[in-house]
Amino acid sequence: MSKVMSLHDAIAKYVENGDVLATGGFTTNRKPYAAVSEILRQGQKDFIVYAGPGGGEVDMLIGEGRVAAYINCYTANSGYTNVSRRFRAAIEQGKLVYEDYSQDVLMLMLHAASLGLPFLPVRLMQGSGLMKYWGISEEKRQSMPKMENLKCVEIENPMVPGQKVVAVPVPRIDTALIHVQQASPDGTCIICGDEFHDIDIAVAARKTIVTCEEIVSNEYIRRDPTKTRIFGECVQAVVKAPYGAWPAQCYDYYDDDDAALKEYDKASKYQDKADAVTQLAKAAAKAAKSLEKAPADEKLKAALDAAKKAADAAADGSLIPETFEDYLNKWVYGCKDQAELLDKIGGSRLMRLKNEPHLGYSTTH
Amino acid sequence: MSDYTKYTKQEMQAYAIAKNIKENQIVIVGTGLPLIGASLAKRAVCPSCHPIVESGLMDCDPVEVPRSVGDNRFMAHCAVQWPNIRFVGFEANEWLHDEDRLVAFIGGAQIDPYGNVNSTCIFGKGDYLQPTTRFTGSGGANGIATYCNTIIMMQHQKRRFIDHVDYITSCGWMDGPGGRERAGLPGNRGPQMVVTDLGIMKFDDETKRMYCAYMFPGVTAEIVQENTGFEIDCSRAETFEAPSPEIIRLIREEIDPGQAFIKVPKDK
């Protein structure tokens, strides 16, 4: 039976409000941007999100207010943005319900989910704030039916009396979103390069949506079973989405889009126009304060001039920098599907991102 | 800057990193300075080392400087592409087998005298749930600090070197001798040193408290103390050797020619 469907239909059919949602990929590599963009367009929300090492894909969901709880271990477009900015702002404003685990523990939790384990004992996080501080209290957890009752609990290892270990819950994932290089209509997947946690979430999720660079026949994908990584019966939908990880990387196919990741880095500083005006005014006030302390400092004087100019231009509306909202209007809401997105990015730009086979990346990205 | 006899603070740090990598060591690196240091070790100082990254890519030898640990630049030039969980298992098994081959570089925003590191958030006027400044979170650092000896990379500033960190993301020596064991952590692993832009801090064998072991050329004990938010013993400090012009040439011309992580001032 063919599981091939359009991106629209796959997201409409398999992504529901309140889902425990897991995304594959690693910060800026093989992140399922096409699928996340379609969710943003369709409006599903209230997710409990597991992203492994997250990047822009989870930052966009948070910025758009679609996340009921985020289970974090690391969130950044590494090398472009030190800390994902909507994630950071949401936490600093007290607007995000979240939990912190170490990356090791979070990835082991996702693996444990793929193994069907009831809970997971680890010897990690001991002595650290990761055990001491809970983002989501026991009481709050009771009001969230899809959340496990505890973040973690120290127990005695029944096999080694006296040894303290940490028990952590195993998530029950509703929907996994992964982007792969090749898939066949029956759902079989080829992942080139590091698998990350993609196989784990594909096995663990009730519903797995695969977007892929290429669809190949069921016969073709079986020619070399050393390359296939996901059993088709774990997959509900197969969607052809070329450059579906853009602006992230996709091994053997393309590199990250340097310009787009830099654009997102800048734009995501400001939620929207009003936020840009407020923040630029604050920056100007801060620059003025710095100058008060050292009135003779030429550098501070120049910094204040620049900050004031930017704040004034934003306040009177003559020049407001690109915001997170603008970025999404341009690259997500302004494209009805992946084809429109690719037209907007443009042929020559996509060609520049193409992997150079002798290197494994692009020198012109 | 084409004058290789002059070097920046960052270049000095990269050299200090390279000098602290030993023969045949398995070196856990992130991106940024530790990667430049490890690349320098691999090429010039200690070619037998094996750089690995927490995404699970083992024995990495990238041609171009990667921007993240999951970058195609690591993936295309490594020995094995493991998923992260294998990396975690490898790290734990090294300890279970009582092997002492691993050394890891981690960074952070705050550090206390016992090498406990915060890379989660600064509470400021708020608390953990609504901090003044939020960072990425642990990444692989907590597991690394649990099972491996670490070298911590920090900018040497008074607001970063403080008596108590807001949140311990990566455990150091906890509250001193026996602290790790009491917390359920391997006691024979822990932070070995802190490489800053001023020098190299180590931890006293007896008290586990930080002291200054090396100062970089031009740095004095006064400068170190001024930039440390707790009392630090500099009486044992020696001066660290300056990098040779050949080392600086390697960094600028071969390892990071695009200045992805080490910025070099322009010739005037």
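**Helix 3 of chain A and its surroundings in a predicted two-chain model**

The buried residues of helix 3 of chain A comprise Gly56(A), Glu57(A), Val58(A), Asp59(A), Met60(A), Leu61(A), Ile62(A) and Gly63(A). The model described here is predicted. Because eight of the eight residues of helix 3 of chain A are buried, this helix is largely enclosed by the rest of the structure. After helix 3 of chain A comes Gly65(A), which has a positive phi near 70 degrees.

Helix 3 (residues 56-63) of chain A packs with helix 2 (residues 33-42) of chain A at an angle of about 5 degrees, and the two axes lie 10 Å apart. Angles under 35 degrees count as roughly parallel. Helix 2 of chain A is therefore roughly parallel to helix 3 of chain A. Helix 2 of chain A contributes Tyr33(A), Val36(A) and Leu40(A) to the contact, while helix 3 of chain A contributes Glu57(A), Met60(A) and Leu61(A). Classified by residue type, the contact of helix 2 of chain A with helix 3 of chain A has five nonpolar residues, no polar residues and one charged residue. Of the residues in this contact, Glu57(A), Met60(A) and Leu61(A) also appear among the buried residues of helix 3 of chain A.

Chain A as a whole contains 15 helices and 14 strands. A compact globule of 365 residues would have a radius of gyration near 21 Å, and the 22 Å found for chain A agrees with this. Along the principal axes, the C-alpha atoms of chain A fill a box of roughly 70 × 60 × 40 Å. Of the 365 residues in chain A, 51% are buried. Among contacts in chain A with a separation of 6 or more, 75% are accounted for by residues 24 or more positions apart.

Chain A is divided into domain 1 (1-256) and domain 2 (273-322). The C-alpha centres of domain 1 of chain A and domain 2 of chain A are 39 Å apart. A point of reference in the second part of the chain is Asp297(A), located in the loop between helix 11 (273-293) and helix 12 (298-315) of chain A. Asp297(A) counts as partly exposed because it has 13 C-beta neighbours inside 10 Å. From C-alpha to C-alpha, Asp297(A) and Lys13(A) are 61 Å apart in space, and they are separated by 284 residues in sequence.

The secondary structure of chain B consists of eight helices and 14 strands. For 268 residues, a compact globule would have a radius of gyration near 18 Å; chain B has 18 Å, in agreement. The box filled by the C-alpha atoms of chain B, taken along the principal axes, is roughly 50 × 45 × 35 Å. Buried residues constitute 52% of the 268 residues in chain B. Within chain B, residues 24 or more positions apart provide 63% of the contacts with a separation of 6 or more.

The contact between the two chains takes 45 residues from chain A and 44 residues from chain B. On the side of chain A that touches chain B, two or more residues are given by each of strand 5 (74-75), helix 4 (85-92), helix 5 (103-115) and helix 6 (129-132) of chain A. Helix 5 of chain A gives the most to this side, with five residues. By class, the side of chain A that touches chain B has 17 nonpolar, 20 polar and eight charged residues.

Technical notes
Residues are numbered from 1 along each chain as its sequence is written. Chains are lettered from A and ligands numbered from 1 in the order in which they are written. This is a predicted model: local features need pLDDT of at least 70, side-chain atom pairs count only at pLDDT 80 or more; totals for chains, interfaces and linings use all residues. Domain bounds come from an automatic or database domain assignment. Axes are lines fitted to C-alpha atoms, for helices over the stretch in contact, and angles run from 0 to 180 degrees between N-to-C directions. Helices (H or I, at least four residues) and strands (E, at least two) are DSSP runs, numbered from the N terminus. Angles under 35 degrees count as roughly parallel, over 145 as roughly antiparallel, 65 to 115 as roughly perpendicular and the rest as oblique. Two residues are in contact if their C-beta atoms, placed from the backbone, lie within 7 Å. Ala, Val, Leu, Ile, Met, Phe, Trp, Tyr, Cys and Pro count as nonpolar, Asp, Glu, Lys and Arg as charged, and the others, Gly among them, as polar. The radius of gyration is taken over C-alpha atoms; the globule rule is 2.2 Å times the number of residues to the power 0.38. A residue is buried if 20 or more other C-beta atoms lie within 10 Å of its own, exposed if 12 or fewer, and partly exposed in between; C-beta atoms are placed from the backbone.
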